[in-house]
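Hello,

Here is the structure I promised to pass on. Please have a look at it first, and then read my notes below.

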Amino acid sequence: MDVIGQKYFTTVDFVLFALLLVASMVIGLYYALSGGRQRTTQEFLLADRSMKCLPLSLSLMASFQSAVAIVGTPAEVYANGTQYWFIGCSYILGLLIPAHIFIPVFYRLQLNSAYQYLELRFCKTVRICGTITFIFQMVIYMGVGVYTPALALNAVTGFHLWGAVLATGLICTVYTTLGGLKAVIWTDVFQTLVMFAGQLAVIIVGVQQVGGLSDFWRKIREGDRISSIDLNPDPTVRHTFWTLALGGVFLMLSLYGVNQAQVQRYLSSRTEKEAIMSCYMAFPCLQIALGLSCLMGLVMFACYGDNSTLNEQFFTSKDQMVLYFVMDMLQNFPGLPGLFVACLFSASLSTISSAFNSLATVTMEDLIKPHCPSMTEARATLLSKILAFLYGLVCLAMAYVFHLMNSSVLQAALSIFGMVGGPLLGLFCLGIFFPWANSTGAVMGLFAGLVMAFWVGIGGFVTQMPSSIIMHSQNCTDTVATENMTMATVTAILTAVTDKPSKPVGLHGLYSLSYMWYSALNSSVVVLFGLLQIPICHDQMNGVANKERNTEMEEERETFLPLSQISCLEQETAV
Ligand SMILES: O=C(O)CCCC[C@@H]1SC[C@@H]2NC(=O)N[C@@H]21
Ligand code: NA
C-alpha cells in the first residue's frame, strides 16, 4: 500500500504532526520547571490536589478515548448503523454513580491510590491483588493504545510503523516523566481539542463532498443507517438498547468509578465539589466525542454507500477502510491529512500518558511505599519518575509483542482490558455497598470474577471465531486484522463479532453473551462469591490484617472515614 502513502502527506502535514509532539513536550517541560518543579509525590502524582473541574473533565474523557475509538467507532457505524450511539445513554448513570458514590468515598479518605481503600476496608492482601490486577490491565491497554494508530496508519498510508510508535511512545514517556500529573492533564486538554478538530474536519469536508447536508441526510435515510431503538432483550445480541445503555453502565463504572487513572484525577481536585463537577462536565465531552465519531461513520457511508468495491479492495479491516476514507476525503486539502494524523495520535498520547502516570502512582503507593516507610520525599519522587519512564519502555515493548503476534491477539488483549475492569468494579462494590463482606470473601470474589472473565472472554473468542477469519489468518499473519476491530470489538472485552448462526444454548449461550454484558457479569460474580464469605482461612487472613490495621487505624482515625466505613471496619475488627 505504500504507493498510496506518497500522495497523501505534503510537508505541511508532517509539520502539523510534529507540532503536536512538540506542543505536548513543551507543556511537559513547563510543568517540570514551574510550580513546585515536581519535587514531591503530591505534586508529581496528584498535581498538588490543585486541579479545577474544566481541565479535569477534558482529561477524564481523553484518558479512555484512544485511537481505537477515533477509528473503531466510525467503522462500527459505517458497517452496522447507529445502534452503537445508544451507549451514550449509559453515560448518565455511568457518571452520576461515580460522582455521588465513589468520589465521596475516595476523596474523604484523602487517598493517593484507589487501592489504599481496599486495605482500609479489607486487608493488605486484597489491596495487593487489586493493584496487581490493575497493573496487568493497564500495561496491556497502553500497549494497544500506542500500537493501534500506527498499525492502521501504516497499512493505509505507508506511514512508518515503528517511527510512529517510537515517536509517540518516547515523546509521551518524556513529558509524563518530566511534568507529572499536571502535564498529563494539560496535554490531555490540548490533545482533546486536536481530536475534536481532526474529526470535525473530516465531517465537514465529507458532507461537502457528498453535496451538502440535504444530500447527506437523504443518502443516510436511503441506506437506513439510522438504527431505531432495538429493545430485544436477548443478551446474546451484540448491540441492543439494553446491552449498550445498561451493560454500558457497568463498563463506565469500571472506568469512571474505580479505575486508578480516573480516581487519581478526582483525588487531584481542589475540593470534593470540583471533583464531582468534573464528572458532570465529562458528560458533554463524552457525548461530543461519541457524536463526532458516529457522524464520521455516517459521512463515510454517505460518501461510499455500502458498495462492495471498497470492501473487496485490499482491506483486511474496517479500521483501515476508515483511514482510507479519511485520506481519500482530505487528500486535496494540504494540512488536513496531517491534522487527522495529529488527531489520531492525540487520542493515543492522551490515553497512554494517563496509563504511565497511574501505573507509576499505584506501584509507588501500593507496592513500594508500604515497604519503605522511611523513604524521603525527594527519593520517592525520583523513584516515581523512574517508574513512569520504565512504564513508557514497557509500553513500547508491549507494542512490539503485539506486532509479533498476529493482530487477533490485539483483540484478545483488549478483551483482557475489558474483562479485568468488571472484576475490579465488583471488588470495590463489595467493599462499599456490603459492609458485612470480609477480606476472605473479597479475595475469593475477585478470583472468581477473574476466572469467569477469562473463561467467558476467551471461550467466547475461540468459539466465535468465524471460519472465514480462521481460514484468512492461515495465509497471512497480520490479517486478522482487526478484521472486526471496530470500536465495539475493541471497546470492551470483545469476542469476534458475528451474527450467531443458530440459537446458542447452555455453555455456548454463555460464550455467546454480548461483550457489552461482560462488565456486568464479571462484577456480579465478584459480589456474589464475595458475599458467600466462605469461612475458610478466615482468621489467618484477617488476623494479621487486624493487628496491622489496629495500629494503622489509629492514624487513619484522624483522616475522615465516612461513617459507613467506620461501622463496617469496626464490625470487621470485632469479628
Ligand atoms: O480506548 C478506547 O477508545 C476504547 C476503550 C474505552 C472506550 C469506552 S466506551 C465507553 C466510554 N466512552 C468513551 O469515550 N470511552 C469509554
Ligand atoms: Na486518549
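The notes below cover how to read the model, the sodium site, one threonine and the cysteines.

This is a predicted model, in which local features need pLDDT of at least 70 and side-chain atom pairs count only at pLDDT 80 or more, while totals for chains, interfaces and linings use all residues. Residues are numbered from 1 along each chain as its sequence is written, chains are lettered from A and ligands numbered from 1 in the order in which they are written, and side-chain values use heavy atoms, with hydrogens and water left out.

What holds the sodium ion (ligand 2)? Its donors (N, O and S atoms within 3.2 Å for Na, K and Ca, or 2.8 Å for other metals; water is not among the atoms, so sites may look incomplete) are Ala62 (O), Gln65 (O), Ala347 (O), Ser350 (OG), Thr351 (N) and Thr351 (OG1), at 2.3 to 3.2 Å. Glutamine 65 lies in the loop between helix H4 (53–63) and helix H5 (67–80), and threonine 351 in helix H17 (residues 336–368), 286 residues apart; helices are DSSP runs (H or I) of at least four residues, numbered from the N terminus. Both residues are buried, meaning under 20% relative accessible area, against over 50% for exposed and in between for partly exposed (1.4 Å probe, protein chains only).

Helix H17 also holds threonine 361, which is buried at 1% relative accessibility.

As for cysteines, there are 0 disulfides (pairs of cysteine sulfur atoms within 2.5 Å) in the structure. The sulfur of cysteine 123 is 8.0 Å from the closest one, in cysteine 129, so it is too far for a bond.

Best wishes

Note on methods
Helix = DSSP H or I, 4+ residues; strand = E, 2+ residues; numbered from the N terminus.
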